[in-house]
Amino acid sequence: MSKQARALSGIKVIEICNVAAGPFCGMLLADMGADVVKIEQPETGDTLRSWAPITDGFSENFASLNRNKRSVTLNLKNEQDKQLALNLISEADILLENNRPGVMDRLGLGYQALKARNARLVYCSISAYGQSGPRSQEGGFDLTLQAMSGLMSVTGEVGGAPVKCGVPVCDFTAGLYAAFAIVSALRSAERDGEGAHVDISMLGATLGIAALQTSQYFGTGKDPEKLGSAHPRNAPYQVFRCKEGYFGMAAGNNSLWKSVCEVVERPELFDDPRFTSPTLRAENQDALREILETIFADQPAQVWLEAFRAAKVPSAPINTYSEVLVDPQVEHMNWVQDLSLPNGALTRTFASPIRFDGHTDTIHRRPPALGEHNDEILGQWRSDIEA
């Protein structure tokens, strides 16, 4: 690991999480060198362990969010196991959990109880709606938060049914916000000797990344609307149909628009009064799209992409994951790396996209088998309790 990627070396994290938002946050901390110990339910473990694809009995979905961690199994409703968890937490810098609000308190593992044992503890809770408020006791998954947050209202084609983003954006933005907040709180704890309870909600995180949509509403009093792949304030800035397919092209200023006119050999469009500014082009983008797609129908996507790239107009193919994961840029960045599973099978994964000094760090620990590190981490404490 590079020096920068060891920035959290020596930081101990206890993760009591399932599925996506919490485990993703824990993995981000582990990628930066933190020692993340994942407490899992005996026999079943993290729910994600059962998700396909299963390779020789091990979930590749689980592997994608739990590299660089260690796993112990504890039944937190059992008093002896709870004492082992308390021992671990007493020595930790960070506790990360994504249970429904109130669950950790009922287990005797809430923030106030643990703060009394470890004043410097940074305790992060990720939930659907937050730790307090009228919706705090409601559960939530990425689908329901995409609906609640307004995200679905601006996703999909005009007049079409509500559509969720294909990537679980609410889960992963919550995990990103949590990691940022944890590191910020950790610095404060190191300076002042006092930890904090970090409250991250999927609703808040998803609204946080919708700054352009919320500001549009506050500025106009009108709800943003779904526009397919188009943009409310820029054009041409969307996916276009061409011969045998589609491609994406974004000409978000007048200079780029002039280049588009040159590429399509229609210089008069640049002076068309409907298209003389980004705002006017956005207001008239249906007419603009029809003009451009009539031209684009003559050639396949690859021809237009080569022409636009030569003119330095941002453009891209509509890739599948099998295509983008072998793109030369992804290969250059060393983002796809080999990953060993606990059963010995070798797969591949998308590693951390963060680069320091031109270098992408390699994965330093494979994802753990359920309870793989029980003896290593809990052995002496268990012997003391049994004695």
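Leaving aside its neighbours within four places in sequence, which residues is Ser125 in contact with? In this predicted model, the residues that meet this condition are Glu97, Gln131, His197, Val198, Asp199 and Ile200. Ser125 itself belongs to strand β7, which covers residues 122-127. Because its relative accessibility is 0%, Ser125 counts as buried; the cut-off for that term is under 20%. With Glu97, one of the residues named above, Ser125 also shares a polar contact between side chains, at 2.6 Å.

A second region of interest is the hairpin of β12 and β13. Strand β12 comprises residues 336-340, and it pairs with β13 in the antiparallel sense over five bridges. One of the residues involved is Leu339, whose bridge partner in β13 is Thr347. Five residues stand between the two strands of the hairpin, where Gly344 adopts a positive phi near 95 degrees.

In a regular strand, side chains alternate between the two faces of the sheet. Strand β13, residues 346-350, shows such an alternation: Thr347 and Thr349 point to one face and are buried, whereas Leu346, Arg348 and Phe350 point to the other face and are not buried. Thr347, the bridge partner of Leu339, is thus placed on the buried face.

The final topic is enclosed space. Rolling a probe the size of a water molecule over the atoms shows where empty space is left. A search of the whole structure yields one cavity of 30 Å³ or more. The largest cavity holds about 100 Å³ of space. Its lining consists of 13 residues, and Asp31, Met32, Ser352, Asp361 and Thr362 lie nearest the centre. By character, the lining of the largest cavity comprises six nonpolar, four polar and three charged residues.

Technical notes:
Residues are numbered from 1 along each chain as its sequence is written. This is a predicted model: local features need pLDDT of at least 70, side-chain atom pairs count only at pLDDT 80 or more; totals for chains, interfaces and linings use all residues. Side-chain values use heavy atoms; hydrogens and water are left out. Helices (H or I, at least four residues) and strands (E, at least two) are DSSP runs, numbered from the N terminus. Buried means under 20% relative accessible area, exposed over 50%, partly exposed in between (1.4 Å probe, protein chains only). A polar contact is a pair of N or O atoms within 3.5 Å; within protein, one must be able to donate a hydrogen and the other to accept it, and residues adjacent in sequence count only if both atoms are side-chain atoms. Contact means heavy atoms within 4.5 Å. On a 1 Å grid over the protein atoms alone, a cavity is a set of points where a 1.4 Å probe fits but cannot get out, and a pocket is an open set with protein on both sides within 12 Å along at least five of seven lines; lining residues have an atom within 4 Å of a point. Grid points are joined across faces, edges and corners, and a volume is the space filled by probe spheres set on the points. Ala, Val, Leu, Ile, Met, Phe, Trp, Tyr, Cys and Pro count as nonpolar, Asp, Glu, Lys and Arg as charged, and the others, Gly among them, as polar. Two strands pair if DSSP finds at least two bridges between them.
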